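Let's take a walk through this protein together, starting with the broad layout and then zooming in on a single residue. Have the picture ready and follow along.

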Amino acid sequence: MRLILVGPPGAGKGTQAQRLVEKHGIPQLSTGDMLRAAVAAGTETGIKAKAVMDSGGLVSDEIVNAIVSERLDEPDCAGGFILDGYPRTLAQADSVEAMLGSKDMGLDAVIELRVDDNAMVERVSGRYTCAECGTGYHDTLNKPAKEGVCDKCGSTEFKRRADDNADAMRTRLQAYYKETAPLIGYYYAKGKLKRVEGMAPIDTVTAEIAAVLGNL
C-alpha cells in the first residue's frame with residue numbers, strides 16, 4: 001500500500017499516518033527524518049545535504065529526491081509506505097511519479113484531509129506535545145487524562161512549537177494554498193485522489209480512511 005496524505009498544517013496527517021503505520025506495518029517516510037538519517041549515516045547524498053545545511057542553505061529538490069529514492073529501496077518499503085510532507089509542490093510531484101515509475105511502483109491513493117481554515121487556526125493554536133515521547137495534546141480538544149501528566153509515558157514536561165499560534169498558522173496556510181494545494185487537482189486528474197472530512201473526530205477520520213482503503 002503506497003500512500004500520500006495531503007492537507008494543511010494541523011489537519012491531522014501525522015496522527016492518521018501513525019495509525020496507518022500501526023495497522024498496516026508500513027513505514028511513514030518523513031523527509032526531515034530521512035535527511036537526518038542520511039546525514040548521520042554519511043551516505044553520498046547525506047554528505048551533500050549536510051554541506052548545504054551547514055552553510056545555512058535550503059536542501060535542493062534534487063538532493064531530497066535522491067534521499068527519498070534511496071529510502072524507497074530499503075526492505076521495509078517493499079510492502080508499501082506513507083509519504084509524509086512530500087511532495088509539497090507540483091515539481092516534486094512530477095519527480096515522485098518519475099521515481100516510482102523507474103522502480104515499477106505506483107501510488108495506491110492520495111488522501112486529502114479536508115478542513116475548515118478558521119477551525120484549523122483554533123486547532124493548531126492550542127496544541128502541544130509531551131517533551132519526552134512526543135505524544136500530541138490540545139488545550140481543549142485532546143487533554144491528558146490527568147492534567148499535566150502524559151497518558152503514554154507519565155512525563156510532566158510538555159512543549160509547544162513557536163509557530164503554533166494564530167498569526168503563524170495563517171501564514172502557513174497561505175503557503176500551503178500557494179505551493180501544496182495544487183497537488184489536489186494534480187492527483188484528482190490522475191484518478192488517485194480520495195477525500196476525507198478532516199474536521200471529524202480522530203477516530204471517525206481513521207474509520208473513513210479505512211473505508212477508502214478498503215474500496216481500493
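**From the sheet to one side chain**

Start with the sheet: five strands make it up, it is open, and its strands pair in parallel in the order 2-3-1-4-8. At the edges you'll find strand 2 (28–30) and strand 8 (193–197), each of which pairs on one side only. If you compare neighbouring strands of this sheet, they are turned by 25° against each other on average, direction ignored. Keep in mind that you're looking at a predicted model.

Now look over at strand 2. Helix 2 (residues 31–41) lies across strand 2 and strand 3 (81–84), and it runs at about 75° to strand 2.

Next, head for strand 8. Strand 4 and strand 8 run parallel, and five bridges join them. For a landmark, find valine 110, which stands opposite leucine 193 in strand 8.

Stay with strand 4, which covers residues 109–114, and pick out glutamate 112 there. Is this residue buried or exposed? Glutamate 112 has a relative accessible area of 9%, and the cut-off for buried is under 20%, so glutamate 112 counts as buried.

So what does glutamate 112 touch, leaving aside residues up to four places away in sequence? Its contacts are Val6, Ile184, Leu193, Lys194, Arg195 and Val196. One of these deserves a second look: the side chain of arginine 195 makes a polar contact with the side chain of glutamate 112, at 2.9 Å.

Key:
Residues numbered from 1 in each chain as written. Predicted model: local features only at pLDDT ≥ 70, side-chain atom pairs only at ≥ 80, totals over all residues. Heavy atoms only, no water. Helix = DSSP H or I, 4+ residues; strand = E, 2+ residues; numbered from the N terminus. Buried < 20%, exposed > 50% of the residue type's maximum accessible area, 1.4 Å probe, protein only. Polar contact = N/O pair within 3.5 Å; in protein donor to acceptor, adjacent residues only side chain to side chain. Contact = heavy atoms within 4.5 Å. Pairing = 2+ DSSP bridges. Axes fitted to C-alpha atoms, helices over the stretch in contact; angles between N-to-C directions.
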